[in-house]
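Visitor: Please take a single part of this structure and look at it closely, and then work outward from that part to the rest of the chain. I would like one connected account, with the residues named as you go.

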Amino acid sequence: MPELPEVETVRRGLEPVLAGARLSRVEARRPDLRFPFPEGFVQRLTGAVIQRLDRRAKYILAPLSVGETLIMHLGMTGRFEIERPQGAERPGEFHYAADPDPKHAHVLFETEAGARVTYYDPRRFGYMALVETALMDLHPWFAGLGPEPLSDGFDAARLAHAFEGRRQGPKTLLLDQKIVAGLGNIYVCEALHRARISPFRPAGRISRPRLERLVAAVRQVLEEAIAAGGSTISDYAAADGALGYFQHSFRVYDRQGRPCPNEGCDGVIARRVQAGRSTFYCPKCQR
DNA sequence: CCCACGACCTGTGGGC
DNA sequence: TGCCCACAGGTCGTGG
């Protein structure tokens, strides 16, 4: 589900509930997600105050008052849900609705203010970790991560350098988080189509003006998607339950057999497996 | 170093 | 209705 726009939407949804909140109770209902939870995960979180919520690439980061940062990755199917307690309570005693999906509710965070945030993840490709905040940049998940595509650090010069001499297509390389951080299958397909660049052209042989176009297209599609609250395919939703609607603006993703929407193009969208993943593109106008 | 591919895990949708 | 296969938003490790 989640690429940069979805993760950013989730972050924004969680922010009002978690930023500045003290965790009064934490529950991990199984020993692992994709990886085992760190040693003492629940104890280390309980009582800590989340200072802010940040995002880097597809990670949501919660720096804590205790000098550690809670790192969360949603994998393919990770999702957060926020609940407010129901009915009247006595101080310190909250009642919530029953889990809508007990089978996949893996982690629960309760705040002192009485909100409950539940992490769901049917496929368990997501993961969480606690890392010393001062050492975050050295952590293998973050060291070597490419620039944020919406930052100034992402530009044609940088892309040209990363693409230099590479025979793989830009499709594959843009999915590499070391080259640019936060793109996934959907937005790479969409950006290449907007830039009218073939996903298969050897990346090292893409001209500089085309790379400029590509950078602009990546920024544009991500900004539009964030503004739309991300894309909802099957079950993605923001933490407040809102559905994204960028999927209605897809020009190529999951649209094989439909006409190319590019101005003046009468091509038909195709699907081809590239490096094990579906690539959607217009064979006519993407060169 | 570069690249392709399978693995991880569960659910869903389409075809028959 | 039911079964089986293909495929799914992401990484990571292996092997050529």
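Guide: The part to begin with is Gln274, whose place is in strand E9, residues 270-274, and everything said about it here is read from a predicted model. Gln274 counts as partly exposed because 17 other C-beta atoms lie within 10 Å, whereas a buried residue would need 20 or more and an exposed one would have 12 or fewer. If the neighbours within four places in sequence are left aside, the residues in contact with Gln274 are Gly169, Lys171, Thr172, Pro199 and Thr279. Of these, Gly169 is 105 residues away from Gln274 in sequence, although the two C-alpha atoms are 9.0 Å apart in space.

One of the contacts of Gln274 leads on to the nucleic acid, since Thr172 is in contact with Gln274 and Thr172 is also among the residues that surround DNA strand B. The other residues around DNA strand B are Lys103, Pro122, Arg123, Arg124, Phe125, Arg166, Arg167, Gln168, Ser234, Ala275 and Gly276. Sorted by class, the surface near DNA strand B consists of five charged, four polar and three nonpolar residues.

From here the view can move to the elements around helix H5. Helix H5, residues 185-194, is mostly covered, with nine of its ten residues buried, and the buried ones are Ile186, Tyr187, Val188, Cys189, Glu190, Ala191, Leu192, His193 and Arg194. These buried residues pack against helix H4 (170-174), helix H6 (208-227) and strand E10 (277-281). Just after H5, Arg196 takes a positive phi of about 55 degrees.

At the level of the whole chain, chain A is divided into domain 1, which covers 4-138, and domain 2, which covers 156-281. The C-alpha centres of these two domains lie 30 Å apart, and their contact takes 14 residues from domain 1 and 17 residues from domain 2. On the domain 1 side, helix H1 (4-18) and E5 each supply at least two residues, and H1 gives the most, with eight residues. That side of domain 1 is made up of seven nonpolar, two polar and five charged residues.

The two elements just named each lead to a sheet. E5 belongs to an open sheet of four strands in the order E1-E6-E7-E5, in which the pairing is antiparallel. Strand E1 (23-28) and strand E5 (79-83) are the edge strands here, each pairing on one side only, and from one strand to the next the twist averages 15 degrees. E1 pairs with strand E6, residues 105-111, in the antiparallel sense over five bridges, and Glu27 has Leu108 in E6 as its bridge partner.

H1 leads to the other sheet, an open one in which four strands follow the order E2-E3-E4-E8, again with antiparallel pairing. Its edges are strand E2 (54-56) and strand E8 (127-132), and because each has a single partner strand, one side of each is left without a neighbour in the sheet. Neighbouring strands of this sheet are turned by 30 degrees against each other on average, direction ignored. H1 packs on the sheet by touching E2 and E3, and its direction makes about 25 degrees with that of E3.

Within this sheet, strand E3 (residues 59-63) and strand E4 (residues 68-73) run antiparallel and are joined by five bridges, among them those that pair Ile60 with Met72 and Leu61 with Ile71. E3 and E4 form a hairpin with four residues between them, and in the turn Gly67 has a positive phi of about 90 degrees. On its other pairing, E4 runs antiparallel to E8 and is joined to E8 by six bridges, and His73 has Tyr127 as its bridge partner in E8. E4 is largely enclosed by the rest of the structure, because six of its six residues are buried. The burial extends to both faces of E4, with Glu68, Leu70 and Met72 buried on one side and Thr69, Ile71 and His73 buried on the other. Gln274, where this account began, is by contrast partly exposed.

Conventions
Residues are numbered from 1 along each chain as its sequence is written. Chains are lettered from A and ligands numbered from 1 in the order in which they are written. This is a predicted model: local features need pLDDT of at least 70, side-chain atom pairs count only at pLDDT 80 or more; totals for chains, interfaces and linings use all residues. Two strands pair if DSSP finds at least two bridges between them. Axes are lines fitted to C-alpha atoms, for helices over the stretch in contact, and angles run from 0 to 180 degrees between N-to-C directions. Two residues are in contact if their C-beta atoms, placed from the backbone, lie within 7 Å. A residue is near a molecule or strand if its C-beta atom, placed from the backbone, lies within 6 Å of it. Ala, Val, Leu, Ile, Met, Phe, Trp, Tyr, Cys and Pro count as nonpolar, Asp, Glu, Lys and Arg as charged, and the others, Gly among them, as polar. Domain bounds come from an automatic or database domain assignment.
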